Protein chains: 2
Amino acid sequence: MAGLTAPLLGLEKKSLREQALSALRTAITSGELEPGRHLVETELSEMLQISRGTLREALRQLEQEGLLSAGPRGRLSVRHLDEKEIRDIYSVRAALESLAARTLCELPDRQQVTDSLHKAVDAMDAAASGTLEERIESDLEFHRTLCRLTGNETLLHSWESLEGSIRMSIMFAGLEKGVRNMSVDRHKDIVAAIDTGDAALARKTILEHMDTAAANLVA
Amino acid sequence: MAGLTAPLLGLEKKSLREQALSALRTAITSGELEPGRHLVETELSEMLQISRGTLREALRQLEQEGLLSAGPRGRLSVRHLDEKEIRDIYSVRAALESLAARTLCELPDRQQVTDSLHKAVDAMDAAASGTLEERIESDLEFHRTLCRLTGNETLLHSWESLEGSIRMSIMFAGLEKGVRNMSVDRHKDIVAAIDTGDAALARKTILEHMDTAAANLVA
DNA sequence: CATAAGTCGACTGTCTACAGTCGGGAGTAG
DNA sequence: CTACTCCCGACTGTAGACAGTCGACTTATG
């Protein structure tokens, strides 16, 4: 007699605000809303079939995620990234993920960690023959997992706040360039480094990975 | 004939949303709104004399800054930090600021940078005899400056997103503990390390500073 | 023809009102 | 006295409307 009407397994219904947030994030990071484009609240609220008030809450969040930039009088537009900004974003990303790698190495029980990471790599492997979007998703999921496994909620939250900017970086560079960074082998190296428990090595591996990744994007 | 009615020098009138944001941030990080306290939108909007819609936009932002935590059915309450979370916050902070230090060392022209940092330290010195709040403000200003001078907007933005959590950490630990980290000398060390241009040394100095800072807070 | 004043339209800022939902207390049956 | 039910009050989710402001276009004037 369970679950007759409502979905039970974590599939909680999302508020309109969250739906709008997802929809807009996708629209922006997919390029459907091209960079520089002015966003008009009345237009968007009509498109998404929600009220302006609800929409504005979502917009504030996107603004703080760095997907939107504010012009005079509160005019919002889709943020435009140049090469320097992409490098900057990846510098911060590298700092966060290298902290994650170091932290994981210092964990008492790394068995479950490496298991989860192996699974994430396997998922990338499985997606390797899929669409570009799928490959990117599985890659980001790997790195998100890296942060999540540390158990440091603040770290995870900071990374997720950056995720939108990361997606924009990839989109800006072009998906074909972004996909250069999805190599399964390189990610296996990361897992292996963490597996050894050598924090310095793990940190170095991540930093190099991010350096290469940034270079691939702006090249 | 200038500035008769309106302030001109960058003192642009802030929107009600921004005013509410500042007021709430201050109220929370000062402990006026004690941790764990449930926030009721209608109450707050009446206190602040603004409409709920406007207030909600500010709340969303505070939520993302980590000052508020969401309960069931959108109930918001002032976030509560335990010792582990404080350590976690400072880990992330350390990662960001060590990136800042490294970045500054690699800058071609560091003259202006060290000048600005010296000024910030001087400000701390001047505040040393002031109230606890003033000392904390000048300390945070120093570290914010550190991030700003890198020219990496993303880094600055990430740090500022964390600032609220940092303030809460200090408040949680108690201002008297927080003030232990305001030593002018220790900050001079940081500036000196950056001055040498030795990225590894600068990074190490910051990491140690943050380690000590976190230890002082949870001790 | 150029410049200045005036007017119109487009958007954001803000407020008020309504609807839906959950928790808790009063009241009642066993 | 306990447990169950039903109703009410408290809040959040969401919508819709009004007001103020700035830019662009038009029109009048030197």
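**Exercise 1: Ser51(B) and the DNA backbone**

Find which part of Ser51(B) lies 2.7 Å from a phosphate oxygen of DNA strand C, and look for other residues that do something similar.

*Solution.* Keep in mind that you're working with a predicted model.

Step 1. Start with Ser51(B): a backbone N or O atom sits 2.7 Å from a phosphate oxygen of DNA strand C. A pair of N or O atoms within 3.5 Å is a polar contact, so this pair makes the cut.

Step 2. Now try Leu16(B). One of its polar backbone atoms is 2.9 Å from a phosphate oxygen of strand C.

Step 3. Hop over to the other chain. Glu41(A) has a backbone N or O atom 3.0 Å from a phosphate oxygen of DNA strand C.

Step 4. Place these in the fold. Two or more residues of the surface near strand C come from each of α2 (41-48) and α3 (52-64) in chain A, and from each of α1 (16-29) and α3 (52-64) in chain B.

**Exercise 2: The whole surface near strand C**

Work out which residues come nearest to DNA strand C, and how the surface near the strand divides into nonpolar, polar and charged residues.

*Solution.* Step 1. There are 17 residues around the strand, and the nearest are Arg52(A), Arg56(A), Leu16(B), Ser51(B) and Arg73(B).

Step 2. Sort the residues of that surface: you get 4 nonpolar, 5 polar and 8 charged.

Step 3. Flip to the DNA side. Take the strand C atoms within 4 Å of the protein: 71% belong to sugar or phosphate, and bases make up the rest.

**Exercise 3: Where the two chains meet**

Describe the interface of chain B and chain A: how many residues are in contact, and how much area is buried?

*Solution.* Step 1. Count residues: 27 of chain B are in contact with 27 of chain A.

Step 2. Turn to area. About 2,300 Å² is buried between the chains, with carbon and sulfur atoms giving 49% of it. On chain B's side, the top three residues are Glu57(B), Arg60(B) and Gln64(B), which supply 27% of the area that chain B buries against chain A.

Step 3. Check the pairs. You'll find 4 salt bridges across the interface. One of them joins the side chains of Glu57(A) and Arg56(B), at 2.7 Å from N to O.

Step 4. Trace the helices. On the side of chain B that touches chain A, α3, α4 (83-105) and α7 (153-173) each supply at least two residues. The biggest giver is α4(B), with 9 residues.

Step 5. Sort that side of chain B by type: 7 nonpolar, 9 polar and 11 charged.

Note on methods:
Residues are numbered from 1 along each chain as its sequence is written. Chains are lettered from A and ligands numbered from 1 in the order in which they are written. This is a predicted model: local features need pLDDT of at least 70, side-chain atom pairs count only at pLDDT 80 or more; totals for chains, interfaces and linings use all residues. Side-chain values use heavy atoms; hydrogens and water are left out. A residue is near a molecule or strand if one of its heavy atoms lies within 4 Å of it. A polar contact is a pair of N or O atoms within 3.5 Å; within protein, one must be able to donate a hydrogen and the other to accept it, and residues adjacent in sequence count only if both atoms are side-chain atoms. Helices (H or I, at least four residues) and strands (E, at least two) are DSSP runs, numbered from the N terminus. Ala, Val, Leu, Ile, Met, Phe, Trp, Tyr, Cys and Pro count as nonpolar, Asp, Glu, Lys and Arg as charged, and the others, Gly among them, as polar. Contact means heavy atoms within 4.5 Å. Buried area is the accessible area (1.4 Å probe) that two parts lose on being put together, summed over both.
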